[in-house]
Amino acid sequence: MSSATRPSALRTWVAQRPPAAGAAVMATGIVSVALHLTGREVLSRIALALACAAWLILAANFVHLLFSDRTQWVERAGTPGALTAVAATAVLGTRFSVLGWSLVAAVLLVLAALLWPWLLFLVVQHWGRRMPGAVFLGCVATEGLAVLAATLAAATSTPWLAHVALVPFWLGIVLYLIALFRFDLRQVARGAGDHWVAGGALAISALAGAKLLAAAGTGMYLWNADDHAVLHDLTVFLLALDLAWYAVLLAAEIAWPRLRYDVRRWSTVFPLGMTAAATLSVAAAVDVPWLDAPGRALVWIAVAGWLAVAAGAVVRARAGMRSARAAAGAVRSTAPR
């Protein structure tokens, strides 16, 4: 094997990232959104830059695998973690929309919408009984489209986009109910991190509802008073359920500590950040000021969780890079000269 065709240690390590690694982009992106909502703009943009860098690396790996090893691509695309590609793209688009970059947000919305049906179809085919928390990613990816579409609708005063956002909003709730009956509740005590998506899916659903309410509050006529009341009450109900899940999952972490790093821990950080963002957004959308203080506290819990998981990821990455370099060195030593 020549030096030109020999894979680098970095490329080898990146190629080994599982589809669930997309949760790192989701987690970092929503932490950026939550920090923006509390006025921490510098920290928010740093998180956004990190999320964009990770998204570009994973997207490049996604495309490379599609053309270089179609069989492995299809195998990975059929796992629940593949839907993090849709959710991560939607979360980044939402942050760009809030930043005022509507064209970039629109491009990301189109990309996420194109990926969504194909990946959802492949993933649902492999659903079974007693699934881990990743089963809720179908809801998360779908609601991510609703959040981004509703955010863009408000930013660009586009009523039809808000009406379109209602479709994934309601469909996401249906997917949540289906996933709930397939979720293995034992994961609350045994899960490696993605069990938190059981609550995170409700959080992003509540955020979608808040964004739809906010779009209606910009002066556009979107629906009548009765429809608005239903959306209002459902959004509050979804947030209440999310906070209840948050309390249960937090208590389970205390009762059954799981301190070892796992890539699925990014799927813990995402619900932490999403619950914070949803709480702050619902507080503003339904005019409940007392929710603001808990929402701000939840933001810093999410930031602390992000830092802890990021530290574990760096340690694991360094070990992985060393292993990849050692393997590359072994190949070089045995290669004919």
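**Exercise 1.** List the buried residues of α3, and check the span of this helix against its number of residues.

*Solution.* The buried residues of α3 are S44, A47, L48, A51, N61 and L65, where buried means under 20% relative accessible area, exposed over 50% and partly exposed in between, with a 1.4 Å probe and protein chains only. Helices are DSSP runs of H or I with at least four residues, numbered from the N terminus. The model is predicted, so that local features need pLDDT of at least 70 and side-chain atom pairs pLDDT 80 or more, while totals for chains, interfaces and linings use all residues. Residues are numbered from 1 along each chain as its sequence is written, and side-chain values use heavy atoms, without hydrogens and water. Next, the expected span is 1.5 Å times one less than the number of residues; for the 28 residues of helix α3 (residues 41–68) this gives 40 Å, and the end C-alpha atoms are 40 Å apart, which agrees.

**Exercise 2.** Classify the aromatic pair of F169 and W170 by its geometry, and state how buried or exposed each residue is.

*Solution.* The whole structure holds seven aromatic pairs, rings of Phe, Tyr and Trp (its six-membered ring) being paired if their centres lie within 6.5 Å, with planes under 30 degrees apart counted as stacked, over 60 as edge-to-face and the rest as tilted. The ring centres of F169 and W170 lie 5.4 Å apart with the planes at 70°, so the pair is edge-to-face. F169 is buried at a relative accessible area of 0%, whereas W170, at 41%, counts as partly exposed.

Conventions:
Helix = DSSP H or I, 4+ residues; strand = E, 2+ residues; numbered from the N terminus.
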